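Morning, everyone. Please have a look at the model on the screen before I start.

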Amino acid sequence: MQFHHHGYVSADPRVQEPAGAGVDRPAELPDEMDVLIVGSGPAGMLLAAQMSQFPDVTTRIIERRDGRLVLGQADGIQPRSVETFQAFGFAERIVAEAYNIAYMNFWGPDPENPRNIVRTARTEDYAFKISEFPHLIVNQARVLDYFAEAAAHGPGRIVPDYGVEFVGLTVDDEGEYPVEVRVRTAGVERTVRAKYVVGSDGARSGVREAIGRTHVGAFAAHAWGVMDVLVNTDFPDWRTKCAINSEAGNILHIPREGGYLSRMYIDLGEVAADDDRRVRQTPVEEIIRRANEILHPYSIDVKQVAWSSVYEVGHRVTDHFDDAADESGRAPRVFLTGDACHTHSAKAGQGMNVSMQDGFNLGWKLGHVLTGLAPASLLSTYSAERQPVAQQLIDFDREWSSLMARKPEEISDPTELATFYLGTAEFPSGFMTQYGPSAIVTDAGHQELAAGFPIGKRFKSVEVVRVCDGNVVHLGHHARADGRWRVYAFAPAGDATALHTWADAVASTIARFTPDGADVDAVFDVKAIYRHPFEKIDITRVPELFLPRTGPLALTDWEKVYAAGPSAWTDADIFAERGLSDDGVVVVVRPDQYVAGVFPLAATEELAGFFETALLPQSAPAPLR
């Protein structure tokens with residue numbers, strides 16, 4: 001973590017100095033604002049944390065609850081989400097309090113006595129093979145707490161306005177604040193105006209209804225009871241994630257944080273067509289009875305039920321994620337995120353995870369447009385990118401839910417569920433998402449130069465050595481959710497002259513898109529990775545682009561130069577692991593950690609042309625210092 005570049009800091013460096021709208025932030029919801037976020041769920045709170053890094057943008061978040069969420073329903077945290085937490089600065093802390101899923105075990109009927117269940121497979125959790133980040137279980141409320149802290153400690157000082165209910169909105173064609181929003185506080189209704197509104201207000205979204213978008217899909221005719229419980233039991237895998245299939249039904253069992261609490265999804269069977277949602281009134285005592293029946297010959301003695309519910313599996317996705325579909329020429333003004341635009345079962349652990357990526361995708365785009373770094377057309381890429389991801393999620397969840405709900409006689413191979421779980425691991429882990437070509441994602445014309453960094457997919461980190469101090473670090477972990485683009489310049493094998501020539505050539509491009517008076521790295525965080533042992537690199541001889549002087553004191557940033565040569569401290573070789581060209585290569589990564597493009601070192605004009613499309617030139621750009 002870097003700090004002190006604006007002067008000596010003696011207190012918690014995670015608490016940044018307030019700036020812009022964060023200075024003397026009004027306690028009451030103002031009449032006008034740039035961004036209004038409706039709902040403080042995972043998508044809304046991540047979005048608030050991201051917007052807090054754009055303090056010149058006035059952002060407010062309203063929540064009809066009177067205070068923070070106490071007990072969250074979601075609890076599965078996929079590795080991509082932990083990677084995102086790293087960017088927001090709290091991954092280590094949340095990992096320390098979470099339950100880490102090391103294995104998933106599978107149980108089925110005992111062939112010799114089908115009334116009993118036996119373990120049929122023990123699989124290593126997929127996260128160990130896919131990512132350096134773990135697969136976690138932690139209360140959704142704690143995730144929201146961490147994002148709330150990041151939002152409150154950012155320069156924008158964003159905190160939720162609790163007790164404010166969304167009533168409705170209308171969008172005008174003209175005006176600086178074209179979205180008129182009606183809200184209610186303590187029974188009193190008032191009208192506020194915003195440039196943009198984001199509906200993060202759940203499956204029954206009032207924002208979705210206000211802009212005329214509809215959920216497409218239906219409920220499946222199958223019900224599940226879910227409960228968080230503290231128990232005594234003789235079931236040997238109580239502290240291991242399990243998929244349990246028996247003649248009496250199915251259970252998805254997930255241990256939770258703290259060492260004692262566990263969540264159980266209990267199969268309640270098919271729902272009759274004329275049920276009229278009566279199944280949702282199933283008492284928790286009946287759910288416990290079903291659980292014991294499924295677990296036979298084992299049992300659970302429930303000491304406390306922390307939370308329980310009954311739901312029918314639903315697979316629905318909204319027809320469009322903003323208010324501007326099929327309206328040629330008009331940029332969107334209202335957006336939908338999270339459950340407001342996609343709902344599904346909870347058993348694949350995707351709801352909170354995909355919702356957070358909605359917020360991450362949208363946040364930097366709003367920040368760029370509202371600060372003049374990018375054209376308003378950038379906002380149209382949100383729905384174009386996230387709606388296909390939601391549809392993929394619905395399709396995956398439908399298959400996973402169907403497999404989980406099968407009867408023993410429908411299963412020909414007892415290892416089929418385990419095989420599916422491992423074979424599709426990249427998707428639920430959050431790493432399958434790949435955005436197509438657009439103004440902010442190039443085509444695959446130069447993909448062969450960096451085969452291990454697929455264009456449109458998230459930047460997959462590898463260990464390198466930081467030259468200034470010899471520390472082994474993950475290259476991608478240095479990137480923070482601060483709204484900046486990352487440009488990774490990998491030197492050719494042998495002579496680094498081509499890299500230095502590239503740095504001199506792109507300096508003018510960096511300056512062209514950097515606001516007047518801002519630090520040279522305010523928009524682009526440019527890093528060099530040499531293919532030499534770090535001891536062989538004279539850091540004082542690298543180009544100025546990789547040693548920028550930033551902050552009011554113009555202090556040199558020494559942490560942008562890395563080595564990938566042999567080291568006594570790591571066997572990792574990013575060039576080999578990611579298939580990087582011996583001729584060198586440039587990898588451009590968006591502020592939300594997705595690879596935007598791959599370029600040859602010699603293609604400096606092509607790189608400049610990409611940024612001409614994605615961003616707006618800034619007046620009187622600041623020269624390198």
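I'll take one helix, one strand residue and then the salt bridges.

First, the ground rules. This is a predicted model, so local features need pLDDT of at least 70 and side-chain atom pairs count only at pLDDT 80 or more, while totals for chains, interfaces and linings use all residues. Residues are numbered from 1 along each chain as its sequence is written, and side-chain values use heavy atoms, with hydrogens and water left out.

Start with helix α1, residues 42-51. Helices here are DSSP runs of H or I with at least four residues, strands are runs of E with at least two, and both are numbered from the N terminus. Buried means under 20% relative accessible area, exposed over 50%, and partly exposed in between, with a 1.4 Å probe and protein chains only. In α1, 10 of the 10 residues are buried, so the helix is largely enclosed by the rest of the structure. Among them are Pro42, Met45, Leu46 and Gln50. What do they pack against? The partners include β1 (32-38), β2 (59-63) and α8 (351-370).

Next, valine 35. It sits in strand β1. It is buried, at 0% relative accessible area. Contact means heavy atoms within 4.5 Å. Setting aside neighbours within four places in sequence, valine 35 touches Met51, Thr58, Tyr196 and Leu366, among others. Its C-alpha is 6.4 Å from that of threonine 58, 23 residues apart along the chain.

Now charges. A salt bridge is a side-chain nitrogen of Lys or Arg within 4 Å of a carboxyl oxygen of Asp or Glu. How many salt bridges does this rule give? The count is 45.

Three pairs to look at. Aspartate 228 bridges to arginine 256, with the closest N and O atoms 2.6 Å apart. Aspartate 228 is in strand β12 and arginine 256 in the loop between β14 and β15, so the pair ties together parts 28 residues apart in sequence. Aspartate 228 is buried at 1%, and arginine 256 is buried at 1%.

Second pair: arginine 386 and aspartate 358, 2.7 Å from N to O. Arginine 386 belongs to helix α9 and aspartate 358 to helix α8, so this bridge also links parts 28 residues apart in sequence. Arginine 386 is buried at 2%; aspartate 358 is buried at 1%.

Third pair: aspartate 557 and lysine 560, at 3.7 Å between the closest N and O atoms. Aspartate 557 is buried at 9%, and lysine 560 is buried at 2%. Both belong to a salt-bridge network that also includes Asp482, Arg484, Arg486, Asp521, Asp525 and Lys527.
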